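This report describes the strand pairing, the chain contacts and the buried regions of the model shown below. The account begins with a hairpin and proceeds outward from there.

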Amino acid sequence: MRRVATGLALSACLASAAAQFIGTTLQRRSGFDDMSPALQAMQRDDTQNPAWLWLKGGEKTFDADCARCHTNTQLRSVATRYPAFDSLLGKPVTLSGRINLCRQRHLQREPLAAESDELIGLETWLGWQARGLPIAPPADPRLAAARSKGENLYRSKFGQLDFSCAQCHDDNAGRRLAGSTITQAHPTGYPIYRLEWQGMGSLQRRLRGCMSAVRAEPFGFGSDELTALEMFLAQRAAGMPIETPAIRP
Amino acid sequence: MTNRRQLLRQTVAVAAGGMLLLRPASATPESLQKVITGFTGGAPIRTGRVKLQIAELVENGNAVPVTISVDSPMTAADHVRRIALFNQRNPQSDVAVFELSPVNGRAEVGTRIRLATSQTVVAMAQMNDGSVWQHRVDVIVTLAACIEGG
Amino acid sequence: MARSVIHMPATARPGDIIAVRVLVQHSMETGYRSNSVGEPLARDIIRRVECRFDGETVFAADLFPAIAANPSVAFYLRATRSGSLQVEWRGDAGFSHTDSARLQVG
């Protein structure tokens, strides 16, 4: 009897894992798929993509500062793995956090400001190296706690409008909000050139924007909360190809 | 019970309304006519030879790709001198004026423009013989959700 | 310090018609907006772009506030000889930026 119960529980478990697999892998859509052909062309054609301004800036910074230790081929897949665990800090860090730690530890320089052209440029350049590679969050067990905190945040209601991320981006993805299609919120193309910003921004800027939209006090740039959310989103989008630098409306 | 979706919609409407109030009066048909006359110098405007490529449904008016091509051999004897782009309902009617010559080899230019709202966009080409040709396209701009401060 | 990009093939055969797309980082502030406390933001746009091939003007444009931020302008050029394409942007508040790219024809 007990064995049957265990068996049933196990098969229920497997079924739910399979459902989740179907839900998260087979039917996943990048925000790219919901854009108009004109904006898709802007992203697809490098000569039309305004992110090239930041990308070229990032390349220059890389050649000046980073090339003394790294080659671009060696760093090709780096953007697929972040956030990753930093042993010295004893906690997960984002890709932009890693760039700044590298500057402080190895170049003895001040960290670059969040969303500055220079930091976004480097992050864009690294993301571009990984373009087409699948998002591959590390299996590092030290990341598990933060990742599950990220999932909790994703499902928690925020702000005066009392909305969770999941209510829009899981439950209502594909439906329309004020003329725009609600995306599944897969972070495939960050940093992105967003027409609404008339410039580039990071995933954290986007997350903060979402929080303001539901009338919540946004978590700070580089906060553990935003890092945890990034980790959960990366896990949720694992295997989807990187599109950096993406265009979004 | 207050429906959250309705509340969000109302918030969006209020935000969008606020934006509209801040927006200055849009260009008038008179001001569009004035800049067009400035461009043509009074030459009659003919339809044809110019093709304005622009999406007829635009999800964000902040950067709308446009391409304007003109049927012209671009020779010394027969070429496009200027291509102009005008709009009907932005605060200002002018968008851009491009200057070409036979060295271009092909009479085609492209850029990205801003559209404050649904309206007519006008492309005009002036040939070296002074003739003026036009193509007008009606564009629908869907309001983006202006609820984000970020 | 402005950033700019010139997309253009590095080489061409004589008589080829090549595509040129120039891009520059600029907010193109329209002069029709206000800041968060309601004060009007002064117009700050690029008003003119001029492209010269070894000194000869091959393309120019007047730009107005309806040009999107980070302006992109595309045109064509008939390749006849090797040389340098110089792109100059000028605008409000004394804005001026120049970039160039080489074209090898042969």
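In this predicted model, S7(C) and S8(C) form a hairpin, with four residues between the two strands. Ala93(C), which lies in the turn, has a positive phi of about 55°. The strands of the hairpin, S7(C) (residues 83-91) and S8(C), run antiparallel and are joined by eight bridges. Within this pairing, Gln86(C) has Ser100(C) of S8(C) as its bridge partner. S8(C) (residues 96-105) also pairs with S2(C) (residues 11-12), in this case in parallel and through two bridges. There, Thr11(C) stands opposite Gln104(C) of S8(C).

**Chain C as a whole**

Chain C contains eight strands and zero helices, so that its pattern along the sequence reads β-β-β-β-β-β-β-β. Along the principal axes, the C-alpha atoms of the chain fill a box of roughly 60 × 20 × 20 Å. Chain C has 106 residues, of which 37% count as buried. Among its contacts between residues at least 6 apart in sequence, 57% join residues at least 24 apart.

**The contact between chains B and C**

Chain C contributes 22 residues to its contact with chain B, and chain B contributes 26 residues. On the side of chain C that touches chain B, strands S5 (56-63) and S6 (72-78) each supply at least two residues. S6(C) gives the most to this side, with seven residues. By class, the same side of chain C comprises 18 nonpolar, two polar and two charged residues.

Both of these strands of chain C also pair with strands of chain B. S6(B) (residues 94-99) and S5(C) run antiparallel and are joined by four bridges; in this pair, Ala60(C) of S5(C) is the bridge partner of Glu99(B). S7(B) (residues 108-113) pairs with S6(C), likewise in the antiparallel sense, over two bridges. Here the bridge partner of Gly110(B) is Ala74(C) in S6(C).

The pairing of S7(B) with S6(C) belongs to an open sheet of six strands, in the order S2(B)-S4(B)-S7(B)-S6(C)-S3(C)-S1(C), with antiparallel pairing. At its edges are S2 (50-53) of chain B and S1 (4-7) of chain C, each of which pairs on one side only. Neighbouring strands of this sheet are turned by 15° against each other on average, direction ignored.

The strand pairs for which bridges have been given, including one from chain A that is taken up further below, are set out here.

| Strand pair | Sense | Bridges |
|---|---|---|
| S7(C) and S8(C) | antiparallel | eight bridges |
| S2(C) and S8(C) | parallel | two bridges |
| S6(B) and S5(C) | antiparallel | four bridges |
| S7(B) and S6(C) | antiparallel | two bridges |
| S5(A) and S7(A) | parallel | three bridges |

**The largest nonpolar core**

The largest nonpolar core has 118 residues. Which of its members touch the most other members? They are Ile83(B), Leu85(B), Ala96(B), Ile113(B), Val49(C) and Ile67(C). The largest share of this core, however, comes from helix H10 (residues 224-236) of chain A, with seven residues.

Ile113(B) illustrates the contacts made across chains. Leaving aside residues up to four places away in sequence, Ile113(B) touches Val64(B), Val66(B), Leu85(B) and Val95(B), together with Ala66(C), Ile67(C) and Ala68(C).

**Chain A**

The mean pLDDT of chain A is 91, and 90% of its residues reach 70 or more. Over residues 4-25 of chain A, by contrast, the pLDDT is below 50, and beyond near neighbours in sequence this stretch has three contacts in the model.

Three strands of chain A form an open sheet in the order S6-S5-S7, with mixed pairing. S6 (199-201) and S7 (246-248) of chain A each have a single partner strand and stand at the edges, so one side of each is left without a neighbour in the sheet. Neighbouring strands of this sheet are turned by 35° against each other on average, direction ignored. S5(A) (residues 192-194) and S7(A) run parallel, joined by three bridges, and Ile192(A) stands opposite Ala246(A) of S7(A).

Is helix H9(A) (residues 203-213) mostly covered or mostly uncovered? H9(A) is mostly covered, since nine of its eleven residues are buried. Among the buried residues are Leu203(A), Leu207(A), Cys210(A) and Met211(A), as well as the charged Arg205(A), Arg206(A) and Arg208(A). Elements that cover the buried residues of H9(A) include S6 and H10 of chain A. Arg215(A), which follows H9(A), has a positive phi, near 60°.

Definitions and conventions. Residues numbered from 1 in each chain as written. Chains lettered and ligands numbered in written order. Predicted model: local features only at pLDDT ≥ 70, side-chain atom pairs only at ≥ 80, totals over all residues. pLDDT = per-residue confidence, 0-100. Contact = placed C-beta atoms within 7 Å. Core = buried A, V, L, I, M, F, W, Y, C linked by C-beta atoms within 7 Å. Buried ≥ 20, exposed ≤ 12 C-beta atoms within 10 Å, placed from the backbone. Pairing = 2+ DSSP bridges. Axes fitted to C-alpha atoms, helices over the stretch in contact; angles between N-to-C directions.
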